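The exercises below are to be worked with the sequence and the coordinates at hand. Each task is followed by its solution in steps.

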Amino acid sequence: MTSPTQSLKPVRVRFAPSPTGRLHLGGARTALYNYLLARQTGGQFILRLEDTDRKRYQPETEKEIVDGLHWLGIDWDEGFDRGGPFGPYRQSERKDIYLEYAHQLIDSGHAYFCFCSPERLQTLRQAQLEKKQQIHYDGTCRDIPLEKSRARAAAGERHVIRFKMPREGSIKVKDALREEIIIDNRTLDDSILVKSDGLALYHLAVVVDDHLMKITHVFRGSEWLSTFPLHGHIYQAFGWEQPVWVHPSVFLKPSGKGKMSKRDTAQLMKDGQSIFITDMADLGYLPEAVVNWIALMGWSYDDQMEFFTMNDLIEKFSIEKLNPSPAAISFSKLDHFNGLHIRNLALDDLTKRLKPFFQKAGYTVDDERLQEITPLLQIRLKTLDEAPEKAGFFFKEEVKPRPDELIGEKMTAVESAMAAQRVFEVLKELLDISPQTIEEPLRNLADELHLQTGQLFGILRVAVTGQKVSTPLFESMAIIGRTNVLKRLQQAVQILETL
RNA sequence: GCCCCCAUCGUCUAGGGGACUAGGACGUGGGCCUUUCAAGCCCAAAACAGGGGUUCGAAUCCCCUUGGGGGCACCA
């Protein structure tokens with residue numbers, strides 16, 4: 001048996017997206033893992049907005065994040081949209097807090113004012129690149145006496161605040177999924193902590209916020225692994241205790257070659273897929289399936305169980321079973337999970353979720369009829385949006401079968417017309433059309449006509465549903481109703497006779 | 001170029017020295033069931049990247065190579 005997470009003490013975790021792009025699979029998974037751990041341990045889940053980059057800020061993505069998470073079934077206890085005891089939860093509103101801590105770092109000799117211009121830095125980088133050196137700040141302002149630099153800053157000289165990275169030694173950081181990472185300090189840079197606009201950069205903001213908000217576990221993508229040692233240094237400089245760090249690996253594109261680029265994403269959407277959470281509903285995916293799917297990309301329970309509801313996940317999730325290697329996205333697996341969860345839905349629930357798809361396809365939906373159709377559809381759907389093409393004929397006044405499809409297997413048009421006519425006569429005698437009442441007479445008819453059941457039922461299927469592939473024939477006929485079935489049969493005979 | 005991470009079937013993974021002729025799932029092929037399509041059930045093909053160690057014994061531990069991924073901004 002796999003035991004649930006080690007720390008059964010209530011955790012405080014956060015999902016901290018930046019409002020610069022849409023909520024995608026990777027972000028959703030990070031949010032999910034946070035949420036699962038919080039709910040499992042009875043802790044708190046916080047939604048914080050990392051919006052310190054005012055240039056790339058896209059206001060509309062804030063709503064997308066909230067909507068996407070809600071759609072997945074994830075909720076939170078404190079957040080930028082609802083406040084809480086550790087607010088504000090929007091980093092752009094915490095400017096002064098970061099500044100205060102940045103100055104604390106300057107006072108303790110762990111940071112310094114830097115007056116170098118972006119242009120000079122750019123030139124420097126270029127030169128280092130050409131000489132194939134490490135790209136680092138050259139330390140020009142590092143040793144300006146503090147009184148002097150403080151005076152310059154106070155006088156209004158444009159400046160940033162940099163971390164004063166030790167020039168020797170090394171640092172050890174520990175991620176829950178990996179071995180200890182030991183980094184030589186010389187490979188680390190004097191990173192900027194506060195920009196010249198006075199707003200903190202991620203590195204400072206994240207450390208200060210996580211500490212102030214009493215975060216116990218930090219889940220973030222593995223793209224943060226390279227700046228992880230810097231964060232370790234900042235914690236050390238403050239003398240703060242570090243949270244448990246968890247860096248799940250990035251998602252790779254379906255081919256497994258690199259992570260999704262803008263171009264890949266656009267291509268995917270042309271192919272009717274998406275990595276964006278708020279697109280998934282329209283594509284006919286169930287939030288339950290998406291959750292199940294992303295949970296299993298980088299995490300597993302044991303060597304058998306793969307079907308998980310949110311409650312299952314809350315109960316069984318554990319950090320120890322997280323896998324550090326990158327995973328390629330597989331949409332065929334998503335389809336599979338979606339089918340599984342569709343079949344797991346109660347009928348009236350599925351009916352409710354199906355309705356908008358029929359409406360979007362232009363059908364006027366009769367609720368009662370839809371309720372009858374749902375059971376026939378349930379085992380046949382991979383995605384909800386397939387429903388109209390599979391069962392739209394139920395809502396049509398008339399169907400338009402293709403003449404060539406109306407002809408039975410290995411039969412002529414004349415033979416088919418005759419067979420259809422005979423079916424019509426048989427059914428006309430029946431007052432009630434239900435699977436129980438029509439199956440036997442029709443099988444007998446097939447015998448009498450020396451036809452395979454498949455031949456006869458094939459003609460009938462196309463005549464009645466207008467398509468070669470459909471929901472089960474007898475059940476479908478019962479739903480369509482006697483009058484309409486007879487009418488469509490007559491139409492089929494007419495079509496066949498003109499051939 | 002420099003730094004870091006990772007490495008089991010095509011894909012997601014189980015595995016943490018002997019229970020491995022390496023298990024499951026998706027996908028693929030075949031079969032059963034069958035009024036079509038599904039669903040369900042059964043079967044099959046399919047992997048420990050390579051090379052060195054350590055050990056009585058290595059998919060599991062160590063090293064190297066290779067491959068893949070991430071990062072090197074007054075972005076996050």
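**Exercise 1.** Determine how many bridges join strand E4 to strand E5 and how the two strands run.

Solution. The model is a predicted one. Step 1: take residues 160-163 as strand E5. Step 2: count the bridges from E4 to E5, which gives four, with the strands running antiparallel. Step 3: pick out one pair; Tyr 112 has Arg 162 of E5 as its bridge partner.

**Exercise 2.** Find the order of the strands in the open sheet that contains E4 and E5, and name its edge strands.

Solution. Step 1: following the pairing across the sheet gives three strands in the order E4-E5-E8, paired antiparallel. Step 2: look for strands that pair on one side only; these are E4, residues 111-114, and E8, residues 192-194, and they form the edges. Step 3: from one strand to the next, the twist averages 40°.

**Exercise 3.** Describe the packing of helix H6 against helix H7: what is the angle, and how far apart are the axes?

Solution. Step 1: H6 covers residues 202-212 and H7 covers residues 228-238. Step 2: the angle between them is about 55°, and the axes lie 10 Å apart. Step 3: because of this angle, H6 counts as oblique to H7. Step 4: the handedness of the crossing is right-handed. Step 5: list the contact; H6 contributes His 203, Leu 204 and Val 207, while H7 contributes Leu 230, His 231, Ile 234 and Tyr 235. Step 6: sorting the contact residues by class gives five nonpolar, two polar and no charged.

**Exercise 4.** Repeat the analysis for H19 and H20: which handedness does the crossing have, left-handed or right-handed?

Solution. Step 1: the helices pack at about 30°, with 11 Å between their axes. Step 2: the crossing of H19 past H20 is left-handed. Step 3: on the H19 side the contact consists of Phe 457, Leu 460, Arg 461, Val 464 and Thr 465, and on the H20 side of Leu 473, Ser 476, Met 477 and Ile 480. Step 4: the classes are six nonpolar, two polar and one charged.

**Exercise 5.** Characterise the surface near RNA strand B: how many residues surround the strand, and which are the closest?

Solution. Step 1: the count of surrounding residues is 66. Step 2: the closest are Glu 50, Asp 53, Ser 196, Ser 325 and Leu 473. Step 3: one of these, Leu 473, also belongs to the H20 side of the contact with H19. Step 4: elements that each supply at least two residues to this surface include H4 (118-130), E7 (181-184), H19 (453-465) and H20 (473-480). Step 5: H12 gives the most, four residues. Step 6: by class the surface has 24 nonpolar, 23 polar and 19 charged residues.

**Exercise 6.** Locate the cis peptide bond and the residue with a positive phi that is not a glycine.

Solution. Step 1: recall that most peptide bonds are trans and that most residues other than glycine have a negative phi. Step 2: the bond from Gly 87 to Pro 88 is cis, with omega near -5°. Step 3: Pro 88 sits in the loop between E3 (78-79) and H3 (95-107). Step 4: Lys 132 has a phi of about 55°. Step 5: the loop between H4 and H5 (146-154) holds Lys 132.

How values were computed:
Residues numbered from 1 in each chain as written. Chains lettered and ligands numbered in written order. Predicted model: local features only at pLDDT ≥ 70, side-chain atom pairs only at ≥ 80, totals over all residues. Near = placed C-beta within 6 Å. Nonpolar A, V, L, I, M, F, W, Y, C, P; charged D, E, K, R; others polar. Pairing = 2+ DSSP bridges. Axes fitted to C-alpha atoms, helices over the stretch in contact; angles between N-to-C directions. Parallel < 35°, antiparallel > 145°, perpendicular 65-115°, else oblique. Left-handed = near helix turned anticlockwise from the far one by under 90°. Contact = placed C-beta atoms within 7 Å.
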